[in-house]
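Dear colleague,

I am handing over a structure that may be new to you. Please look through it first; an account of what was found in it follows below.

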Amino acid sequence: MSDLPPAIAELIDTPQYPVTANFPVELGYSYNTLSATENGNPLYWDPQVAQELTGGPTMPPTTLSLWMRPHRWEPGAEEELVALKVHFDLKEMLDLPEAIMSDNSLILHEPVRPGDTISHHQVLRSVSDVKTTKLGTGRFWSIDIVYTNQDDVLVGIESYTGFGYRRPEEDPS
Amino acid sequence: MTLTIDQVSAGQSLPSLAHDVSATTVVLGALASRDWRPMHHDFKFATERNGTQDIFLNTPNLAAWFERYITDWTGPRGRIGRMTFRMRDSVFPDDRMEFAGTVTATSTDDQGCAWADLDITVSVGERLCCTCTARVAIPTDESDNPWARKGQNWTP
């Protein structure tokens with residue numbers, strides 16, 4: 001039987017935090033990523049290739065998570081804005097001060113294009129029983145992020161597995 | 001030249017890729033992916049709070065490196081459908097990360113889309129840092145364009 005607190009068990013498979021990005025998809029983000037990885041794929045650098053293959057510019061598919069990441073600050077913000085809020089909620093609810101991401105998966109559908117406005121929501125899929133790893137003692141959890149464009153067309157699904165933990169020297173037990 | 005599925009078979013190796021990682025690589029990648037978390041740019045936070053030896057590559061940026069590795073091989077007509085990867089160890093500044101990949105299977109789905117399944121690793125010396133499985137659509141012939149597939153004709 002799971003020792004998961006009921007308040008967390010109730011969140012599993014429940015869509016949370018539906019958000020529409022407050023900035024449009026821009027080609028500049030594509031160049032940042034391509035430059036950071038020295039990716040010379042002509043699909044993203046040569047407008048003629050983009051026109052021939054995708055009917056115009058598209059974003060590199062692995063930039064998908066850009067569109068769920070808020071600005072770190074914006075006018076009116078009273079605290080640091082964070083992506084993947086469900087992850088941070090779990091850290092707080094389970095009193096696990098540290099966390100890492102261990103697994104990530106992407107399923108890529110309709111390409112994202114400059115000018116698109118991307119919406120997303122988060123779904124907690126699972127939380128493990130308490131585990132101990134070399135990092136410390138805590139729990140693994142899995143969160144899906146579902147992305148759609150302004151036409152409500154699915155552009156991708158991203159899944160993260162995180163491990164929230166308390167370092168051994170901090171563990172009160 | 002376009003890579004077509006008839007040139008791909010199970011057991012085939014992808015060309016290797018090596019890259020010398022610097023602090024700039026880590027920070028540039030984190031900011032390009034809008035990942036502002038301090039362990040990807042703040043040495044003191046990474047070492048004293050996270051207990052790691054240095055700042056380290058973030059997950060979305062590693063995804064972008066996998067994309068680059070795959071499409072270096074396929075060319076621009078290759079279209080990634082699915083990618084799953086597991087972080088086993090971190091990649092730090094001064095590491096030389098090396099990508100290696102193998103085709104594990106090829107197939108054609110009911111819509112006529114040809115696929116290659118890949119196993120990819122990122123290692124630093126003897127240290128295995130990340131494993132990845134990916135599924136990439138590859139043209140059936142020089143006239144085929146996987147990017148033209150939409151809706152029910154695209155089943156990644």
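Two strands count as paired if DSSP finds at least two bridges between them. With that rule in mind, β5(A) and β6(A) form a hairpin with five residues between them. In the turn, A:Asp152 has a positive phi of about 65 degrees. Please note that the model is a predicted one, and that the values below are computed from it.

I begin with chain A as a whole. Its secondary structure comes to five helices and six strands, and along the sequence these follow the pattern α-β-α-α-α-α-β-β-β-β-β. The C-alpha atoms of chain A fill a box of roughly 60 × 35 × 30 Å along the principal axes. Chain A has 173 residues, of which 50% count as buried. When contacts between residues at least 6 apart in sequence are considered in chain A, 69% of them join residues at least 24 apart.

The strands of the hairpin deserve a further word. The pairing of β5(A), residues 137-148, with β6(A) is antiparallel and extends over twelve bridges; within β6(A), A:Thr161 is the bridge partner of A:Ser142. β6(A) also pairs with β2(A), again in the antiparallel sense, through ten bridges. Here A:Tyr165 of β6(A) stands opposite A:Glu98. As for exposure, β6(A) is mostly covered, with ten of its 13 residues buried.

Next comes helix α5 of chain A, which spans residues 85-93. Which of its residues are buried? They are A:Val86, A:His87, A:Asp89, A:Leu90 and A:Lys91. The buried residues of α5(A) pack against α1 (6-9), β1 (15-20), β2, β3 (119-127) and β5 of chain A. Just after this helix, A:Asp95 takes a positive phi of about 55 degrees.

I now turn to the interface with chain B. The size of an interface is often given as the accessible area lost when the parts come together. For chain A and chain B, the buried area is about 3,700 Å², and carbon and sulfur atoms give 49% of it. In terms of residues, 43 of chain A are in contact with 38 of chain B.

How many salt bridges does the rule find across the interface of chain A and chain B? There are four. One salt bridge joins the side chains of A:Asp103 and B:Arg86, with an N to O distance of 2.9 Å. Between the two chains, 22 residue pairs are in polar contact, both residues being at pLDDT 80 or more.

On the side of chain A that touches chain B, the elements that give two or more residues are α2 (27-36), α3 (42-45), α4 (47-54), β2 (98-108) and β6 (154-166). Of these, β2(A) gives the most, with nine residues. By class, this side of chain A has 21 nonpolar, 14 polar and eight charged residues.

Strand pairing also crosses from one chain to the other. β2(A) pairs with strand β2 of chain B, residues 79-87, in the antiparallel sense over five bridges. Within that pairing, B:Met83 in β2(B) is the bridge partner of A:Leu106. β2(A) is thus a strand to look at from two sides: it is joined to β6(A) by ten bridges and to β2(B) by five.

With kind regards

How values were computed:
Residues numbered from 1 in each chain as written. Chains lettered and ligands numbered in written order. Predicted model: local features only at pLDDT ≥ 70, side-chain atom pairs only at ≥ 80, totals over all residues. Heavy atoms only, no water. Contact = heavy atoms within 4.5 Å. Buried area = accessible area lost by both parts, 1.4 Å probe. Polar contact = N/O pair within 3.5 Å; in protein donor to acceptor, adjacent residues only side chain to side chain. Helix = DSSP H or I, 4+ residues; strand = E, 2+ residues; numbered from the N terminus. Nonpolar A, V, L, I, M, F, W, Y, C, P; charged D, E, K, R; others polar. Buried < 20%, exposed > 50% of the residue type's maximum accessible area, 1.4 Å probe, protein only.
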